[in-house]
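Q: Please take a close look at the contact between the two chains of this predicted model. Set it in the context of the salt bridges and strand pairing elsewhere in the structure.

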Amino acid sequence: MEKVTNDTIKHVAALAQLEFSEEELAKFTPQMGKILEMAEELQAVDTTGVEETVQVVDRDTVFREDVPEKWQTREEMMKNVPDKSNGFVKVPVIIDKDDNQ
Amino acid sequence: MNFTSTIGLEVHFELKTKSKIFSPSPVTYGAKPNTETNVIDWGYPGTLPMVNKEVYRLGLMVALATHSHVNPVTHFDRKNYFYPDNPKAYQITQFFKPLAENGYVEVEVHGKKKKIHIHEMHIEEDAGKNTHGTNGFSYVDYNRQGVPLLEVVSEPEMTDPDEAVAYLEKLREIVQFTGASDVKMEEGSMRIDTNISIRPAGQKELGTKVEMKNLNSFEHVRMSLAYEQKRQQEILLSGGRVRLSTRRFDTNTGKTVLERVKEGDADYRYFPEPDLPPYHIKQEWVDEIAANLPKTADERRKIYVDEYGLKPYDANVLLQNKESSDFFDATVAAGADPQQAANWMNTQVNGYLNEKHAELKDIALTPENLAAMIKLISDGTISSKIAKKVFAETVANGTDPKKYVEENGMAQLSDESVLAPMVKEVVDANPQSVEDYKNGKDRAIGFLVGQIMKQTRGKANPKVINKLLLADLASR
């Protein structure tokens, strides 16, 4: 496994729109290293023939009926919105979208 | 040099539910922005999705109607991407274990039948609607967030734009007649993405694909694919290389415009949705849905033409949408003659709907009232001229035709014992017309009919008058 350096953490932080001070980097770099070492240990386990775990809850096929309900008003929903206009949520334009949905 | 095109299509259908896929927010079209949402739709921390059973039922109907293999176990996955219309920063979809796979749609193109296979279909949530302003800001409405979608992904088996459109028309018809979606492209309840690549004829390896998103009419699909075929051919013939890209169809110029070049497929870091359990679809449920599937358009077409004797054109007009076909079926079930019912549906009823920009569900006319009015015409109670007045009243106000005719004294006079003396009186009073008729002037009959109609204030049944007149004249 590639060694985790301050530069690795800086790169991941930038992707997550975060900024860390030098002291924080000194703390996070070894922590992240330990987490990845732990993951590497787990990868050593032989999982041949073991079905992947998708859910830890022992339930399946939980449905609700198709009954519409009004829970919150627009005013309630908008309480945490920093910028709004005519009932819309106002955000900076982001054009470069691969909206592959 | 000849080229072969390879076309694949991805179609999103908005499923016709009352509430959203993972929350009980109402599903509406055209509501004020952000009024039909709740904390689940907005992805508030601590909220959990819960699957709407109706979404599965409608999805299974489409799967069965397209001969697809229903997966007995399905689960949901997270598709991660950041964009303001996606409040959780992931979309819940089905990537690893979709609802159904390996279906097909049979189409007829250029006189040949062809099966176009469906790779898979899966259910997922729609995103909100992002409107870009001119001031550096976008405006987001989350009403559409969480509306259930069924995405149907074809195999890349179509080779020209006509095949692609034939597939879309057939798929639209199938989905509409299951009742799973109202497939209104203008409202976004059917949306189309296309993929097209070309390669020299005989070459095994596929060319580089170009994607076009959110095409909102079949004609635009046809035009954009035809344009892309030509554009890509010109690139290859001039020794160039087609780039993996997403393009947009410009409706004003009829050309496709580059939106972005892809470096490869986007990495959405799919992983199983931890907030939802796996879904085991019991065979009994699938069988029950299969047993209750509505008649397909093809089955209805066969009944209309073979059993009712309708012309294929009239049958196809009735089958333009499920509502129209259902209304016609109910009118016939209420006792109307099928040919008469088809004539009224395809002319007067459609004319009224076009004039009012309305749908059948929006107007006061019922199949029972239309059938009652048709019966009044066929049993001679009212003339076709009077029927138009009765129809105008019934379609506008839902008035019972029989009652309306009785209350307004609109019934035709068809009783021969009442009409015969009137006919005799008119003929006796017009010896010149009798003479003219005997001399071969058929117009004389028209004059005599007019006189009787005048006497009865237009209420006499013209058929009965003609019959009585001819009998009277023959006896003189």
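A: In this predicted model, chain B brings 67 residues to the contact and chain A brings 41 residues. About 4,600 Å² of area is buried between chain B and chain A, and carbon and sulfur atoms account for 58% of that area.

Polar interactions also cross the interface. Between chain B and chain A there are 23 residue pairs in polar contact, counting pairs with both residues at pLDDT 80 or more. On the side of chain B that touches chain A, the elements giving two or more residues are strand E2 (51-52), helix H1 (53-65), strand E4 (73-80), strand E5 (90-97), strand E9 (137-141), strand E12 (210-215) and strand E16 (279-280) of chain B. Of these, E9(B) supplies the largest share, with 5 residues. By residue class, the side of chain B that touches chain A comprises 30 nonpolar, 18 polar and 19 charged residues.

The rule finds 1 salt bridge across the interface of chain B and chain A. Its partners are B:Glu36 and A:Lys70, whose closest N and O atoms are 2.7 Å apart.

Strand E9 of chain B also takes part in strand pairing between the chains. Strand E3 (residues 88-92) of chain A pairs with E9(B) in the antiparallel sense, over 4 bridges. Within this pairing, B:Phe137 of E9(B) is the bridge partner of A:Pro92. In general, strands of a sheet pair through backbone hydrogen bonds, in either a parallel or an antiparallel sense.

Chain A also offers a buried glycine for inspection. A:Gly33 belongs to helix H2 (residues 22-43) of chain A. This glycine counts as buried because its relative accessibility is 11%, below the 20% limit for that class. The C-alpha atom of A:Gly33 is separated by 8.4 Å from that of A:Thr5, although the two residues are 28 residues apart along the chain.

Within chain B, strand pairing builds an open sheet. This sheet has 9 strands with mixed pairing, in the order E3-E6-E7-E10-E1-E11-E12-E13-E14 (chain B). Its edge strands are strand E3 (69-70) and strand E14 (255-261) of chain B, each of which pairs on one side only. Strand E12 of chain B, a member of this sheet, is also among the elements giving two or more residues to the side of chain B that touches chain A. Inside the sheet, E1(B) pairs with strand E10 (residues 148-154) of chain B in the antiparallel sense, over 5 bridges. One residue pair in this arrangement is B:Phe13 with its bridge partner B:Leu150 in E10(B).

The salt bridge between the chains belongs to a wider set: over all chains, the count comes to 31 salt bridges by this rule. In general, side chains of opposite charge can pair when their charged atoms come close.

One example is formed by B:Lys20 and B:Asp41, whose side chains meet at 3.4 Å, N to O. Both residues lie in the loop between strand E1 (3-14) and E2 of chain B, so their salt bridge ties together parts that are 21 residues apart in sequence. B:Lys20 is buried, with a relative accessible area of 0%, and B:Asp41 is likewise buried, at 4%. The side chain of B:Lys20 additionally reaches the backbone oxygen of B:Asn143, at 2.8 Å.

A second example lies within a helix. The side chains of B:Asp306 and B:Lys302 form a salt bridge at 2.9 Å, N to O. These two residues are separated by about one helical turn because they are 4 residues apart in helix H5 (residues 297-307) of chain B. Both B:Asp306 and B:Lys302 are exposed, whereas B:Lys20 is buried.

A third salt bridge links the side chains of B:Lys361 and B:Glu359, at 3.7 Å, N to O. B:Lys361 counts as exposed because its relative accessibility is 63%, while B:Glu359, with a relative accessible area of 28%, is partly exposed. Salt bridges can also share partners in this model: B:Glu14, B:Asp126, B:Arg144 and B:Arg191 are joined in this way into one network.

To return to the contact itself, chain B and chain A are linked by 1 salt bridge, by 23 residue pairs in polar contact and by the antiparallel pairing of strand E3 of chain A with E9(B).

Technical notes: Residues numbered from 1 in each chain as written. Chains lettered and ligands numbered in written order. Predicted model: local features only at pLDDT ≥ 70, side-chain atom pairs only at ≥ 80, totals over all residues. Heavy atoms only, no water. Contact = heavy atoms within 4.5 Å. Buried area = accessible area lost by both parts, 1.4 Å probe. Salt bridge = Lys/Arg side-chain N within 4 Å of Asp/Glu carboxyl O. Polar contact = N/O pair within 3.5 Å; in protein donor to acceptor, adjacent residues only side chain to side chain. Nonpolar A, V, L, I, M, F, W, Y, C, P; charged D, E, K, R; others polar. Pairing = 2+ DSSP bridges. Buried < 20%, exposed > 50% of the residue type's maximum accessible area, 1.4 Å probe, protein only.
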